[in-house]
Amino acid sequence: MATHGTRLPMEFLAAVAAGADPGSAAARMAAEQARGVADIQQAGPLLAALLTKPYRDSAPSWLLEAAVANGLRQTESEYEYLTASTSLVVLALVHPDCDPTLRADALRRCSDRRLGSLGTADHPADLCAAVAGELRRRVPQPPHMTPELLKEPTPAQVVLRTERLHDEVFEAAVALLPDGPDRTRLENEDSGAWSERIRTAFDAWGRMWSAVLEQHPDRHPQIIAMTAGTRANRVVRDQLLGSVPWTVEPKLLRQIALDDLSRFDAAMLTTRICTFLQDGSSKEGARQRFAAELSALEETDRRDIEFLYLRDDGFDIDWGTDSAVSWVSHAADGPWRLILNPAEAKPVYGDPHTWRSHIDELADLAGHFATTAAQALQTWKPNDLYGISRATDLRWIRDMLVHLPELTPAVEATVRLVIRDARRGRSGPQSYDYKSQEDRRRFDELLDAITRIVADAAPQPPATRRTALGDPEEVTVRSLSAASAEVLDAYLDRHAGDDDLVEKALLSLALHGRRGKPAFASVLARHSDPRHAVHTLTRELRHRLGGSPANREAWAREILALPDCSSETVLALPAWTALKARGHRYDSTHPTVLALVEAALGDDHQAWQRFADSPIGNSGPSAWLRLGDILTAATDGTVRPKPPTSR
């Protein structure tokens, strides 16, 4: 029977799929009448029908070869084509009559992407074992990681982009992932170039692991176990903590986070030892003084401290005195950044990621970090030369203040020294490239946030410190206007009885026409003398609030809405604004204002005329002329009043 190799005429396939005997005259006639090669997309379903119906239990080699060839010839540019053609290849490769040679040859011809699609958990174990074997053939030895492997990934990296891999394929792929950077110095490579090459390769290694961990969130414990005892284990843990923590199961995230915090002990001990040496003690004396604490460390940490600082030719001990601060600074800016600031866990576009851990669990972990950072704060010393000037120097301070269960006087006192050092650093030399300017902008934001937190002497729960408003005596109407209703209410609660603050809050509700909660009346009720306060603020509105017509209109709207507002206060409103205040209808004057005008002018036509000729307006100084002053001048025929003074 002529089959043209594995390229079968459509008529022949259709006849057999319809039930004709492949050896029958009808099938042979259909084959002889066929011209050309069958269309790939049409032949695929027919070949699949043959392997699932008449040839399900026994199939000739030509049919299996045709199915493999057809499936592998399908384009991979379209997902649906890849899925359908992979199913056809699977039908052939798992068939009882599939020859091992055909299977091995087919897997060799697969792209890396196709190989991953053949090794999923819904496919038979023997096929997945063959896929794992082919993967090992393609990657006989894991390469060292380089940045180029992110653009041109190895077969193991590509296979791990597939979801729901079979265990054997997954384990083989993870074992074959690129290893850490090659630390061997290249010929003619100086120390600076070597260090930069290792750094970029290590960063790429982290990004590679981050992609794997995000793709397989249910396998995090398995990956940790598989990499135990290798250089990759530390990278995996750092990526779970710092790059994709929202994907991590809560108990595992807590375990990883607390394990990471335990590494601080070595940094803190390094600082204590180097401070001890700075004070004039000998290195042998330091060995004896800290022998018990050194022996309690992990072997690697202990060996590092002894090698770096307790040898006669060791590093400069000044470096070691900053170890505790450097550790928490790096952690806040790196592995711990998202746990300390969950809202920052979001893609470039779109909504923030959904965390598997509850917000209370994250807050608890953040509290542990803050307590650790407070220990490092005890070792902080000013920068004698220029002062601190980088955002990383302040991020950990801000995060510590935000999450500490309690701000003690000792912490606040040291943070005030940090603020002083930062202000000195901010006034130092500047660079004008974009990266430096962006860091300076972030530095200023952090410094302002830290200053506001320690300036507010009233006790604050951690949840409110991130939006701290600062010292009530220094807080401005503008800054209060930017606060949310919850933040403003909490701030007023902490400073109950501060009438000056209540008056600023009242003015802030009118700034730029802000509406919404908290209600004007509820804020006013916090004042010890509400009636006097609202009258004084209205009379001094230009001096205390100023701004655009929207500010005046918002204030007038709130005043006229008060149920017991006095006539004297309404008359203190800017005249134009009061007269334009709406009544019950869109085009009507507010009834309270209308009643006061009619009562003042009565039937005096000349008074009405003088009132109509008054210089009130919607802009400039005349916009602030008070309604009462205008009515008095119109009634008495006196000299027109002058606007109240500005700020």
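This report walks through the confidence, aromatic pairs, nonpolar cores and a few single residues of one predicted model.

**How sure is the prediction?**

Let's start with confidence. The chain has a mean pLDDT of 86, and 87% of its residues reach 70 or more. Where is confidence lowest, and where is it highest? The low end is helix α2 (residues 25-33), with a mean of 44, while the high end is helix α13 (residues 220-226), at 98. Residues 1-6 have a pLDDT below 50, and that stretch has 10 contacts in the model beyond near neighbours in sequence. Another stretch to read with care is residues 77-81: pLDDT stays under 50 there, and the model shows 3 contacts beyond four places in sequence.

**Rings that meet**

Now for the aromatic side chains. A pair of aromatic rings is described by how far apart the centres are and by the angle of the planes. The model has 6 aromatic pairs. One of them joins Phe202 and Trp205, and the table below gives its geometry beside that of Phe276 and Phe290.

| Pair | Arrangement | Centre to centre | Angle between planes |
|---|---|---|---|
| Phe202 and Trp205 | edge-to-face | 5.9 Å | 75° |
| Phe276 and Phe290 | edge-to-face | 5.5 Å | 90° |

Why do both of these count as edge-to-face? The label applies when the planes are over 60 degrees apart. The angle is 75° for Phe202 and Trp205, and it is 90° for Phe276 and Phe290.

Where do these rings sit along the chain? Phe202 and Trp205 share helix α12 (residues 191-215), where they are 3 residues apart, or about one turn of the helix. Phe276 and Phe290 link distant parts of the chain: Phe276 belongs to helix α16 (residues 264-278), while Phe290 is in the loop between α17 (283-289) and α18 (291-296), 14 residues apart.

Next, are the partners buried or exposed? Phe202 is partly exposed, with a relative accessible area of 39%, whereas Trp205 is buried at 1%. In the other pair, Phe276 is partly exposed at 23%, and Phe290 is buried at 3%. The cut-off for buried is under 20%, so Trp205 at 1% falls on the buried side, and so does Phe290 at 3%.

Phe290 has a charged visitor too. The charged end of Arg289 sits over the ring of Phe290, 4.6 Å from the ring's centre. A similar thing to look for is Lys580, which lies over the face of Trp576 at 5.1 Å from the ring centre.

**The nonpolar cores**

Let's move inside. Which residues touch the most other members of the largest nonpolar core? That core has 107 residues, and the ones with the most touches are Trp209, Trp336, Trp396, Met400, Leu401 and Val415. Helix α23 (residues 359-377) supplies the largest share of this core, 9 residues. Apart from this core lies another, of 48 residues, including Val523, Leu537, Leu596 and Leu631.

Trp336 is a good one to click on. Setting aside residues up to four places away in sequence, Trp336 touches Leu241, Ala257, Asp260, Leu261, Ala331, Leu365 and Phe369.

**Two residues with positive phi**

Here are two backbone spots worth a look. Arg164 has a phi near 55°, which is a positive value in a residue other than glycine. Arg164 is placed in the loop between α10 (155-159) and α11 (167-175), and it is exposed, with a relative accessible area of 54%.

Asn188 is the other one, with a positive phi near 65°, again in a residue other than glycine. Asn188 is in the loop between α11 and α12. With a relative accessible area of 78%, Asn188 is exposed.

**Two histidines**

Finally, have a look at His495 and His535. His495 lies in the loop between α29 (485-494) and α30 (499-510). What does His495 contact, leaving aside its neighbours within four places in sequence? Its partners are Asp456, Ala458, Pro472 and Leu501. At 13% relative accessibility, His495 counts as buried.

His535 is part of helix α32 (residues 530-539) and is partly exposed at 24% relative accessibility. Not counting residues up to four places away in sequence, His535 touches Glu568, Thr569 and Ala572. The C-alpha atoms of His535 and Cys565 are separated by 8.8 Å, though these residues are 30 apart along the chain.

How values were computed. Residues numbered from 1 in each chain as written. Predicted model: local features only at pLDDT ≥ 70, side-chain atom pairs only at ≥ 80, totals over all residues. Heavy atoms only, no water. Phe/Tyr/Trp six-rings, centres within 6.5 Å; stacked < 30°, edge-to-face > 60°. Helix = DSSP H or I, 4+ residues; strand = E, 2+ residues; numbered from the N terminus. Buried < 20%, exposed > 50% of the residue type's maximum accessible area, 1.4 Å probe, protein only. Lys NZ or Arg CZ within 6 Å of the ring centre and 35° of its normal. Core = buried A, V, L, I, M, F, W, Y, C linked by side-chain atoms within 4.5 Å. Contact = heavy atoms within 4.5 Å. pLDDT = per-residue confidence, 0-100.
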